[in-house]
Amino acid sequence: MTSPPATEAGTGKTAVPSAADARRAEVITLAAGLFDRDGYASVSMEQIAAAAGIAKPTLYHYFRAKDEILRGIHETFIDLLLGRQDERERLGLAPADLLLGAMTDIFGLMETHRGHVRVFFEHHRELPDGARTGIRVKRDRYEQLIRDAVTDGIRTGVFRDVDPDTATLAIFGVCNWAYQWWRPGGRADPAHTAQKMWDLIIRGLASPGEQPGRHGPQFFR
């Protein structure tokens, strides 16, 4: 399992990961790529060991079972998102900038941590019960950070008065499904793609001053 870089007590400096921690992180990254390519169920510990260039018994020195590696992938991904968003909160960014940052993170991780993204969104149910509960707590906290940004934007008049829960789901719907169609090396880089999606969320499709559908959707009548 991995977590955000620790700090040395009393110094505020980032602690240097141990060789074992670095090796675990390497195995997690390699396994994420294998799971992305072949599917979680199809990949064996033997294949992971071969990809890491170590013997299978050595792999068990770092991880007792494949689901521990799965947990490590989930924790790496959600901890990255939480750490970056917590830092934006600490800096006091405006609600719209908080949302843009979060969306940019998710699209960016599709390029740098593509296997982690797929595993996180597709293989949550395969986690052991205890690990699933812990990851769910972190997922819920991250969702709350996004909901809080939406709510704060509504409160300050930056956003119009919409249902924060629906808006939050819309933001995650735009981002979380994108790994199915976005490909590294395409015409748009992750930041540019996130910017375009953010613009659609913030400004919508209507031209300034226009009120499309002000009489209600005709197909419901």
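Biologist: Which residue follows H9, and is its phi positive or negative?

Modeller: The residue that follows H9 is Gly-204, and its phi is positive, near 70°. Please keep in mind, as we go on, that this is a predicted model. Two other helices can be read in the same manner: H1 is followed by Gly-39, with a positive phi near 95°, and just after H4 comes Gly-92, whose positive phi is about 75°.

Biologist: How many helices and how many strands are there in the protein?

Modeller: The protein has nine helices and zero strands, and of its 221 residues, 38% are buried. Among contacts with a separation of 6 or more, 67% join residues that lie 24 or more positions apart. About 12800 Å² of surface is accessible, and carbon and sulfur atoms account for 54% of that area.

Biologist: What should the 14 residues of helix H9 span, and how far apart are its end C-alpha atoms?

Modeller: At 1.5 Å a residue, the 14 residues of H9, numbered 190–203, should span 20 Å, and the end C-alpha atoms are indeed 20 Å apart, so the two values agree. The same check can be made on H4, residues 66–91, where 26 residues should span 38 Å and the ends are 38 Å apart, and on H1, where 20 residues should span 28 Å and the ends are 28 Å apart.

Biologist: Which residues of H9 are buried?

Modeller: The general idea is that an α-helix has 3.6 residues a turn, so residues three or four places apart point the same way. In H9 the buried residues are Pro-190, Thr-193, Ala-194, Met-197 and Trp-198. They cover an arc of only 135° around the axis, which puts them on the same side of H9. Their packing partners are helix H5 (95–112) and helix H8 (164–176).

Biologist: Which residues have the most contacts inside the largest nonpolar core?

Modeller: In soluble globular proteins, nonpolar side chains tend to be buried together. Here the largest nonpolar core has 56 residues, and those with the most contacts inside it are Phe-35, Ile-48, Leu-59, Ile-69, Leu-99, Met-110 and Tyr-142. H5 gives the most to this core, contributing ten residues. To follow one of the residues just named, Ile-69 is in contact with Val-27, Ile-28, Ala-31, Phe-35, Met-45, Ile-48 and Phe-63, once its neighbours within four places in sequence are set aside.

Biologist: Which residues of H1 are buried?

Modeller: The buried residues of H1 are Arg-23, Val-27, Ile-28, Ala-31, Ala-32, Leu-34 and Phe-35, and their cover includes helix H2 (45–52), helix H3 (56–62), H4 and helix H6 (114–122). Arg-23 is in contact with Ala-52, Gly-53, Ile-54 and Tyr-62, leaving aside neighbours within four places in sequence, and its side chain makes a polar contact with the side chain of Glu-26 at 2.5 Å. The C-alpha atoms of Arg-23 and Leu-59 are 9.8 Å apart, although 36 residues separate them along the chain.

Biologist: Does His-74 count as buried or exposed, and why?

Modeller: A residue counts as buried under 20% relative accessible area. His-74, which is found in helix H4, has a relative accessibility of 0% and therefore counts as buried. Not counting residues up to four places away in sequence, His-74 touches Val-119, Phe-120, His-123, His-124, Leu-127 and Ile-135.

Conventions
Residues numbered from 1 in each chain as written. Predicted model: local features only at pLDDT ≥ 70, side-chain atom pairs only at ≥ 80, totals over all residues. Heavy atoms only, no water. Helix = DSSP H or I, 4+ residues; strand = E, 2+ residues; numbered from the N terminus. Expected span 1.5 Å × (residues − 1). Buried < 20%, exposed > 50% of the residue type's maximum accessible area, 1.4 Å probe, protein only. Arc of directions from axis to C-beta. Contact = heavy atoms within 4.5 Å. Core = buried A, V, L, I, M, F, W, Y, C linked by side-chain atoms within 4.5 Å. Polar contact = N/O pair within 3.5 Å; in protein donor to acceptor, adjacent residues only side chain to side chain. Areas by Shrake-Rupley, 256 points an atom, 1.4 Å probe, with all protein chains shown as cover.
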